[in-house]
Amino acid sequence: MEIETIAIHAGNLIEPGSAAIQPLTLSTTFQRDAQGAYPSGYMYTRISNPNRVALENVLTLLEGGEDACAFSSGNAAGSAVFQALEPGSHVIAPVDMYHGLRNQLKVVYNGILEVEFVDMSDLEAVKNALKSNTKLIWIETPSNPLLLLSDITAICDLVKTKDIKVCCDNTFATPVFQNPLKLGADLVMHSTTKYLGGHSDALGGGLITRNKDEFWQRICAVQEHSGAVISPFDCYLTIRGIKTLPYRMKGHDANAKQLVAFLKSHQEVADVFYPGFGGMLSFTTASGESAAKKVANATKIFIQATSLGGVESLIEHRASIEGPDTKTPRNLLRVSVGLENINDLIEDLDAALKV
């Protein structure tokens with residue numbers, strides 16, 4: 001099946017003759033039979049649930065993997081990978097990286113994992129960072145918020161004969177534009193809160209594996225025993241969002257390309273960061289940080305808010321949320337381009353830039 005068909009049908013696990021759409025199963029526990037077994041195949045929702053199985057099935061097929069685990073958030077999904085590593089493992093991560101996971105590595109895993117942040121768009125820098133105890137390379141491409149691109153295949157080729165896992169955060173690109181497993185990655189991570197859910201109303205995260213190997217079994221054990229699993233209702237909403245993912249991404253992509261062209265020609269804009277695909281972009285204001293904050297405060301259609309990937313357009317001054325150690329330019333605004341009419345979006349941003 002092609003991606004449009006997978007998106008619509010792979011998350012809909014129904015029995016013949018039943019409802020056309022898989023129902024929501026809110027029960028946290030499931031009845032045992034006279035012998036104490038579980039005839040439905042389910043025991044307890046933390047361990048498994050029909051809606052989570054359906055979500056994990058569609059995630060697996062969208063990314064072309066062998067299996068998937070769904071979590072309560074993207075941060076929980078990333079943490080499961082870090083928890084599956086042996087203490088003392090060396091992790092190579094991007095300098096330009098989602099601050100939630102970066103802070104997790106720096107704070108939660110401080111003293112447990114050895115973490116080194118490098119420019120992942122520089123293959124030589126990645127190669128030079130490799131150590132005898134390197135066990136994970138974390139790729140985020142396009143990166144957040146500078147939209148830097150990493151060569152997934154080249155990085156995977158660097159370590160294909162070594163005992164090093166490569167995990168790619170594919171949240172910005174989505175499986176519509178990029179399939180890291182087909183490029184050699186071992187794992188793909190998603191914040192399903194973003195484009196996969198697509199409506200800013202369901203928190204979640206996912207991991208998809210190329211092979212169900214021993215490391216993957218450790219991740220599955222983390223999911224089951226740590227309990228950071230996505231709720232049945234959020235599974236249901238995310239599956240519903242995924243059904244329109246391929247077509248939504250076409251709209252995000254088309255709007256973003258036109259908005260990039262407008263911004264590049266605007267005298268109040270210094271630089272525009274856009275990888276050439278998808279709905280995410282960033283730009284810097286020519287008049288500095290105060291001008292950037294004025295723009296974010298002046299828009300009428302763009303909502304000044306954290307997150308991304310919903311049908312509505314969002315704008316945010318990133319440095320102010322990332323903390324005092326941020327590497328993000330102080331005059332940078334990150335934009336999640338929604339599905340509104342592009343003329344309205346351009347008019348709104350043009351007016352805000354003139355304030």
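Buried, in these notes, means under 20% relative accessible area, exposed means over 50%, and partly exposed is in between. I'm working from a predicted model, so everything below is about that model.

**Entry 1: the H10 pair**

I started with Asp253, which comes out at 13% relative accessible area and is therefore buried. Its partner in a salt bridge is Lys257, with the closest N and O atoms 2.7 Å apart. Lys257 is at 39%, so I put it down as partly exposed. Both residues sit in helix H10 (residues 245–264), four residues apart, about one turn of the helix. My note to self here: side chains of opposite charge can pair when their charged atoms come close.

**Entry 2: Glu289 and its partners**

Next I looked up Glu289 in helix H11 (residues 289–298). What does Glu289 pair with in that helix? I found a salt bridge to Lys293, with 3.2 Å between the closest N and O atoms. Because the two are four residues apart in H11, about one helical turn separates them. Glu289 has 26% relative accessibility and counts as partly exposed; Lys293, at 35%, is also partly exposed.

Glu289 also meets the side chain of Arg330 in a salt bridge, again 3.2 Å from N to O. This pair links distant parts of the chain, since Arg330 is 41 residues away, in the loop between helix H12 (319–322) and strand S12 (332–336). Arg330 has a relative accessible area of 38%, so partly exposed goes in the notebook.

**Entry 3: the other salt bridges**

How many salt bridges does the model have? I get 15 salt bridges. I also jotted down a network of salt bridges that links Glu316, Arg318, Glu322 and Arg334.

**Entry 4: cis peptide bonds**

Which residues does the cis bond at Pro142 join? It joins Thr141 and Pro142, with omega at about -5 degrees. I placed Pro142 in the loop between strand S4 (134–140) and helix H6 (152–159). Then I checked the bond from Asn144 to Pro145, which is cis too, with omega near 15 degrees. Pro145 is likewise found in the loop between S4 and H6.

**Entry 5: positive phi**

I went through the backbone for positive phi outside glycine and wrote down Thr174, where phi is near 65 degrees. Thr174 is in helix H7 (residues 174–177). Is Thr174 buried or exposed? Its relative accessible area is 0%, so it is buried.

Ser307 went on the list as well, with phi near 90 degrees. I located Ser307 in the loop between strand S10 (303–304) and strand S11 (314–317). With 22% relative accessibility, Ser307 counts as partly exposed, because the buried class stops under 20%.

**Entry 6: H3 against H8**

For packing I took helix H3 (residues 74–84) and helix H8 (residues 214–226), whose axes come within 9 Å and cross at roughly 120 degrees. That angle makes H3 oblique to H8. I wrote the crossing of H3 past H8 down as right-handed.

**Entry 7: a nonpolar patch**

Last, the surface. Which residues make the nonpolar patch of about 280 Å²? I have Leu24, Leu26 and Phe233 for that one. Phe233 belongs to helix H9 (residues 232–242). Its relative accessible area is 41%, so Phe233 is partly exposed. It clears the patch rule, because that asks for over 30%.

Key. Residues are numbered from 1 along each chain as its sequence is written. This is a predicted model: local features need pLDDT of at least 70, side-chain atom pairs count only at pLDDT 80 or more; totals for chains, interfaces and linings use all residues. Side-chain values use heavy atoms; hydrogens and water are left out. Patches are made of residues with over 30% relative accessible area and no salt bridge: like charges are joined within 9 Å, nonpolar side chains (Val, Leu, Ile, Met, Phe, Trp, Tyr) within 5 Å. Accessible areas come from the Shrake-Rupley method with a 1.4 Å probe; for residues, only the protein chains shown count as cover. A salt bridge is a side-chain nitrogen of Lys or Arg within 4 Å of a carboxyl oxygen of Asp or Glu. Buried means under 20% relative accessible area, exposed over 50%, partly exposed in between (1.4 Å probe, protein chains only). Axes are lines fitted to C-alpha atoms, for helices over the stretch in contact, and angles run from 0 to 180 degrees between N-to-C directions. Angles under 35 degrees count as roughly parallel, over 145 as roughly antiparallel, 65 to 115 as roughly perpendicular and the rest as oblique. A crossing is left-handed if the near helix is turned anticlockwise from the far one by less than a right angle, and right-handed if clockwise.
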